[in-house]
Amino acid sequence: MMRQYELVERIQRYKPDVNETLLNKAYVYAMQKHGHQKRASGDPYFSHPLEVAAILTDMHLDESTVAVALLHDTIEDTTATRQEIDQLFGPDIGRLVEGLTKLKKLDLVSKKAEQAENLRKLLLAISEDVRVLLVKLADRLHNMRTLDHMRPEKRARIAEETMEIYAPLAGRMGMQGMREELEELAFRHINPEAHRMVTQRLDEIFARTGNVVDKIEASLKSVFEQRHLVAKVKSRRKKPWSIFRKMETKAISFDTLSDLIGFRVVAETTEDCYRVLGAIHTTWSMVPGRFKDYISTPKQNDYRSIHTTIVGPERQRVELQIRTSEMNYVAEYGVAAHSLYKDGRTLGGADNAVSAETNAYAWLRRTIEQLAEGDSPEDFLENTKLELFQDQVFCFTPKGLVIALPRGATPIDFAYAVHTDVGDTCVGVKINGRTMPLMTELKNGDEVEIIRSDAQVPPAAWESMVVTGKARAAIRRATKNAVRKQYSGLGVRILERAFGRAGKTFGKDLLKPVLPRLARKDVEDVLAAVGRGELASNDVLRAVHPDYKEVRVTVPPPRPREEGWSKIRNAAGMIFQLPGLGARKDRAERPGTAAVPIRGVSGDLPVKFAPEGAVPGDRIVGILQPGVGITVYPIQSPALTEFDDQPERWIDVRWDIDGEVRERFPARITVTAINAPGSLAEIAQLIAANDANVHSLTMTKTAPDFTEMMFDLEVWDLKHLNRLIGQLKETNAVSEVKRVNG
């Protein structure tokens with residue numbers, strides 16, 4: 001185990017003026033607090049924070065960050081408190097240690113929700129100070145290096161979490177070395193058989209072709225010497241996880257892989273990088289489509305390099321990365337490579353220049369702000385994983401602004417990346433000047449122009465079309481708000497009618513004083529709950545007017561010859577005993593009543609039609625169904641009998657048809673046709689000739705000579721439907737036509 005002076009000496013090599021007092025105090029305090037605690041391996045627990053500190057010294061981080069590493073588990077796993085840390089080491093270090101402490105005693109229903117809440121807390125702490133991230137990644141790296149000592153089920157959970165969250169997070173922060181090691185360690189535990197197979201095959205190949213690597217290096221150096229270019233060449237063997245992922249995503253076998261080795265060329269200046277590129281491309285043929293210039297267009301994590309693939313010496317495909325030594329250092333250590341994190345300054349103060357110095361951290365802070373906007377824990381976890389997706393494409397706005405997106409992104413993702421309002425109002429797109437579908441997959445270099453309309457509301461179906469967490473979260477919120485607005489509007493209408501029947505006047509301001517009695521946090525919640533059928537309108541009425549009493553009138557019992565009777569409430573609020581069918585007819589639209597207008601499924605209320613449909617011209621009633629809204633039935637529907645004893649769910653509805661905007665409505669018919677070739681075609685042609693639309697068709701062979709067909713149609717109105725039924729009856733191929741429930 002590393003001693004105090006050894007830790008101090010490691011930092012002194014790159015920071016001679018190290019604060020030895022701070023490090024010694026943190027070392028002794030952490031060792032005393034962890035006391036005799038043991039790790040699963042049997043080692044003293046204090047060896048873990050000490051190793052985390054050592055990893056950070058390899059990144060050349062300042063003594064404050066190393067002290068946080070020594071203390072990072074004290075609040076969570078010992079008797080130490082935030083107040084005690086603040087007193088001994090200052091509030092800055094106390095804040096960082098608390099940011100690394102998991103939430104305790106979470107009252108959550110699932111392990112996934114608990115994981116999400118801890119991740120949310122960690123990311124919020126990271127957004128305030130990036131050193132939290134550096135310590136957390138070092139902590140995870142050491143835990144992964146010692147994962148063999150954990151129980152199998154815990155190993156699998158930690159490895160999956162590392163692969164899904166922490167390795168991509170390291171990559172997004174530009175820390176490629178850490179990302180690769182985390183991926184390799186996680187891969188070994190998630191799929192040990194695949195890891196063993198890939199590693200074994202790699203060893204066999206390099207044992208056979210080791211001299212080829214030397215020949216390629218020598219050829220490259222020779223070309224550079226001839227052109228008087230100073231550049232170092234180093235080969236690097238591809239990692240097993242990188243190879244396995246490529247085999248899976250591209251569905252190719254191991255034998256077809258031709259880029260198992262990459263070569264890194266490190267030049268002195270940016271200009272030299274392009275000279276090196278010219279020397280290589282004029283000596284060997286470039287593989288088309290394999291050139292990327294991340295120097296002129298850096299990645300969001302500040303990665304800068306030129307990538308190219310050539311058919312090089314020995315006729316081998318050779319992958320090359322060309323960069324300066326400074327670019328190479330940033331590529332390896334990412335945000336940790338910036339001097340801002342090495343001089344002891346805090347990163348949250350007024351002198352914080354982090355957004356100007358590192359795009360990666362600025363991206364992280366923006367992403368965290370977007371992810372933290374009130375999603376459920378599970379949604380937050382899912383969206384975070386989406387945002388950490390690695391492969392990217394770079395597209396441009398018409399003004400030349402670069403927008404980086406995950407590979408597979410659509411123009412909808414692009415619109416939301418520009419601004420949430422742009423995404424919400426997106427109705428179309430032009431890609432490179434051509435109008436294209438919104439589901440088009442974007443490619444590197446595309447210029448994307450979003451066409452907008454203030455009347456647009458993002459459809460719920462967009463959620464399955466996008467790949468970014470920001471777009472998915474924004475669409476989900478917009479959909480929820482639109483549905484809530486629909487139910488709220490319906491709730492207003494229901495309460496206006498309920499208050500009107502009681503001789504009262506309804507106003508939203510009446511609900512504010514009674515919110516506690518209704519157990520709702522705001523007025524819109526009450527209205528939406530009424531619209532969804534979760535809160536009865538009479539309960540709201542009694543909450544606002546506690547002295548209100550419902551008037552009930554009983555009429556004489558029915559004559560024996562009449563059908564079943566049901567309760568129904570009239571417009572004055574009285575409840576009568578009326579025959580079932582007669583009551584339903586009485587409930588159908590009545591001139592002069594305050595019925596809810598029905599414009600079809602595209603209206604501004606949550607409305608759907610019964611399975612048998614309903615068309616303008618039908619007498620209709622509405623049934624309020626919890627969580628659904630209003631279901632519209634034709635008055636003659638037998639299905640209405642099941643609601644006879646629930647009068648509070650019956651809603652007066654009326655047709656509200658816009659003559660300028662025509663809309664089809666659903667209707668169901670059954671057709672008994674002669675069982676002969678061409679019968680269906682004749683019926684379908686007649687339906688089409690009458691400007692009706694077949695939504696679905698079910699066929700049942702009922703007899704050797706006849707087949708019964710059930711058509712779900714879309715027609716303009718009752719006259720249109722009756723005309724179609726009449727013409728079908730006159731067709732030679734048809735024996736009988738009936739409207740279902742008609």
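**Chatting about strands and a helix**

Colleague: Hi! Which residue in S22 stands opposite Arg-668?

Modeller: Opposite Arg-668 in S22 is Asp-712. Strands (E, at least two residues) and helices (H or I, at least four) are DSSP runs, numbered from the N terminus.

Colleague: Is this a predicted or an experimental model?

Modeller: This is a predicted model, where local features need pLDDT of at least 70 and side-chain atom pairs count only at pLDDT 80 or more, while totals for chains, interfaces and linings use all residues. Residues are numbered from 1 along each chain as its sequence is written, and side-chain values use heavy atoms, leaving out hydrogens and water.

Colleague: Thanks! How many bridges do S20 and S22 share?

Modeller: S20 (residues 665–674) pairs with S22 (residues 706–715) over 10 bridges, in the antiparallel sense. To pair, two strands need at least two bridges found by DSSP.

Colleague: And what about S21 and S22?

Modeller: S21 (residues 693–701) is antiparallel to S22, with eight bridges. Leu-697 has Phe-711 in S22 as its bridge partner. A hairpin of four residues joins S21 to S22.

Colleague: New topic: why is H11 said to be largely enclosed?

Modeller: Because 11 of its 15 residues are buried, H11 is largely enclosed by the rest of the structure. Buried means under 20% relative accessible area, with a 1.4 Å probe and protein chains only. Among the buried ones are Met-178, Leu-182 and Phe-187.

Colleague: Where does H11 sit, and what is its reach?

Modeller: H11 covers residues 176–190 and reaches 21 Å from first C-alpha to last, close to the 21 Å expected. That expected span is 1.5 Å times one less than the number of residues.

Conventions. Buried < 20%, exposed > 50% of the residue type's maximum accessible area, 1.4 Å probe, protein only.
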